[in-house]
Amino acid sequence: MTVPILETKHLKKYFRTSRGDLHAVDDINISIEKGKTLGVVGESGCGKSTLGRVILRLLEATEGEILFEGQDLCKLNPRQMEKMRRELQIIFQDPFSSLNPRLSVSEIIADPIRTNKLLAHKCEIQDRVIELMHTVGLSDRFINAYPHELDGGRRQRIGVARALALNPKFIVCDEPVSALDVSIQAQILNLMMDLQEERNLTYLFITHDMSVVKHISNQIMVMYMGQCVEVSPTDELFENPIHPYTQALLSAIPVPKLRRDRGKRHLIQGEVTSPVNPKPGCRFAPRCPYARPECTGESIPLTEQSPGHFVSCVLP
C-alpha cells in the first residue's frame with residue numbers, strides 16, 4: 001500500500017465574526033501520494049485557498065490534523081515548523097503582488113536561500129540563482145530586472161523559481177495561471193508538469209478552471225462552502241460526475257461546437273447561503289434541483305460509489 005506524503009484528517013478552519021463562526025474549511029480529509037497532483041476546484045469563496053494556507057500553517061487550523069510524511073504539522077513548535085517549511089512551498093495566484101517590487105529577480109530568488117542559510121558564499125548563491133532561472137526558462141539577461149519590467153508569464157516563472165529554491169517536496173499552487181493569458185497558461189502548466197516529473201514533486205493545485213485541473217491533476221476534489229462534496233480520479237470524475245454541483249461545474253466548460261446538440265447544461269439557480277453557522281445537511285441543497293427532505297437536518301458523509309470515487313449526496 002502506498003503511503004501518502006500528505007494527509008489531512010477532519011481539518012477545520014473557522015473565522016470568528018460578529019454573527020458567529022464562518023466555516024471556511026469544514027471537516028476536510030484528503031490524501032496525496034508522492035509525485036502526484038490533487039486538484040481542488042470550486043467557485044470563488046468555497047475555501048480552496050484557505051485550505052492551502054491552513055495546510056502550510058500560514059493560517060492556523062481550528063481543529064484536525066495535517067500529516068506530512070507521517071508528522072503532524074499542527075503539533076510542531078515555531079522552530080520545528082521553520083525547518084519543515086523548507087519542504088513545503090507555495091506559488092501564489094498573482095505573480096505581481098506576490099513579488100517584492102523593490103527587489104531584482106536575482107534578489108527575489110535568492111531571498112529564501114539566504115533566509116534559510118542554505119548557502120553562505122555570494123558566488124554560490126549567484127550560481128544557484130542562475131541555475132534556478134535556467135530551470136524555469138528565464139534568460140540570464142533578466143537577472144537584474146525588476147518585476148514591473150516583466151510580463152505576467154515571466155513574473156510567474158520567478159514565483160516558481162522562488163518556490164523551488166529550497167528543493168521542496170510539496171507545493172501548494174494557488175491558482176498559479178488564472179491571472180495569465182491562455183497561451184502563457186499552457187507554458188506555465190507544462191513547465192510545472194515537467195518539474196514534477198524531474199523532481200518527483202507533489203502538488204495541491206487550486207483552481208476554478210475545470211479544463212486546467214483536468215490537464216494537470218491525477219485526482220480532483222470538488223469543494224462547496226468549505227466542504228468536500230466529491231473526490232475522484234480525474235478521468236472518472238469527468239466521465240461520471242455524480243454530485244449535482246459537480247455536474248453543473250462540468251457543464252459550464254466551454255465546448256467549441258457549431259451544432260446545437262451540445263448536451264444539457266446543468267444551471268444552478270439561487271444564491272449561495274451564508275457560511276456563518278451553517279445548518280447540518282447538504283449546503284448545496286437550497287440550490288439543488290434534486291433536493292429532498294433527507295438532504296437537510298443531518299450531515300451527509302462521503303460514500304464510495306466506485307473505487308476511489310467518493311460523493312457526499314443522497315441521490316446515489
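In this predicted model, the largest cavity is lined by His243, Pro244, Cys282, Phe284, Cys288, Tyr290, Ala291, Cys295, Ile300, Cys313, Val314 and Leu315. Sorted by class, that lining holds eleven nonpolar residues and one polar residue, with no charged residues. The space enclosed comes to about 60 Å³, and the structure holds one cavity of 30 Å³ or more. The idea behind such a search is a friendly one to picture: rolling a probe the size of a water molecule over the atoms shows where empty space is left.

Turning to the pockets, the largest pocket offers about 600 Å³ of space. Its lining is made up of 23 residues, and those closest to the centre are Pro4, Ile30, Ser31, Ile32 and Gln219. Several strands share in building this lining: S1, S2, S3 (37-41), S9 (219-224) and S10 (227-233) each supply at least two residues. The largest share comes from S2, which gives four residues. In terms of class, the lining of the largest pocket contains eleven nonpolar, eight polar and four charged residues.

The second largest pocket has a volume of about 480 Å³. Of its 21 lining residues, Gln89, Pro112, Asn116, Arg162 and Leu166 are the closest to its centre. Strand S6 (88-91), helix H3 (105-115) and helix H5 (152-164) are the elements that give two or more residues to this lining, and H3 gives the most, with four residues. By class, the lining of the second largest pocket divides into eleven nonpolar, five polar and five charged residues.

Helix H3 deserves a further look. Its buried residues are Val105, Ser106, Ile108, Ile109, Ala110, Pro112 and Ile113. These buried residues pack against helix H4 (122-135) and against H5. Pro112 thus appears in two settings, as a buried residue of H3 and as one of the residues closest to the centre of the second largest pocket. After the helix comes Lys117, which has a positive phi, near 55°.

The strands can now be placed in their sheets. An open sheet of four strands follows the order S2-S1-S4-S5, with antiparallel pairing. Its edge strands are S2 (20-32) and S5 (71-72), each of which pairs on one side only. Within this sheet, strand S1 (residues 6-17) and strand S4 (residues 63-68) run antiparallel and are joined by five bridges; Leu6 stands opposite Phe68 in S4. The edge strand S2 is also the element with the largest share in the lining of the largest pocket.

Helix H1 (residues 48-55) lies across S1, S2 and S4 of this sheet, and runs at about 115° to S1. What surrounds Val54, a residue of helix H1, when residues up to four places away in sequence are not counted? Val54 touches Leu11, Lys13, Leu59, Ala61 and Ile66. The cut-off for a buried residue is under 20% relative accessible area, and Val54, with a relative accessible area of 0%, is therefore buried. The C-alpha atoms of Val54 and Lys12 are separated by 8.8 Å, although the two residues are 42 residues apart along the chain.

A second open sheet is built from eight strands in the order S6-S7-S8-S3-S9-S10-S12-S11, with mixed pairing. Strands S6 and S11 (303-306) stand at its edges, and because each has a single partner strand, one side of each is left without a neighbour in the sheet. From one strand to the next, the twist averages 20°. Strands S3 and S9 pair in the parallel sense over four bridges, and Leu38 has Gln219 in S9 as its bridge partner. Gln219 is also among the residues closest to the centre of the largest pocket, to whose lining both S3 and S9 supply at least two residues.

Two helices lie across strands of the eight-stranded sheet. Helix H6 (residues 182-199) lies across S3, S6, S7 (170-174) and S8 (202-206), running at about 155° to S8. Helix H9 (residues 244-251) lies across S3, S9 and S10, and runs at about 110° to S9.

Notes. Residues are numbered from 1 along each chain as its sequence is written. This is a predicted model: local features need pLDDT of at least 70, side-chain atom pairs count only at pLDDT 80 or more; totals for chains, interfaces and linings use all residues. Side-chain values use heavy atoms; hydrogens and water are left out. Two strands pair if DSSP finds at least two bridges between them. Contact means heavy atoms within 4.5 Å. Axes are lines fitted to C-alpha atoms, for helices over the stretch in contact, and angles run from 0 to 180 degrees between N-to-C directions. On a 1 Å grid over the protein atoms alone, a cavity is a set of points where a 1.4 Å probe fits but cannot get out, and a pocket is an open set with protein on both sides within 12 Å along at least five of seven lines; lining residues have an atom within 4 Å of a point. Grid points are joined across faces, edges and corners, and a volume is the space filled by probe spheres set on the points. Ala, Val, Leu, Ile, Met, Phe, Trp, Tyr, Cys and Pro count as nonpolar, Asp, Glu, Lys and Arg as charged, and the others, Gly among them, as polar. Buried means under 20% relative accessible area, exposed over 50%, partly exposed in between (1.4 Å probe, protein chains only).
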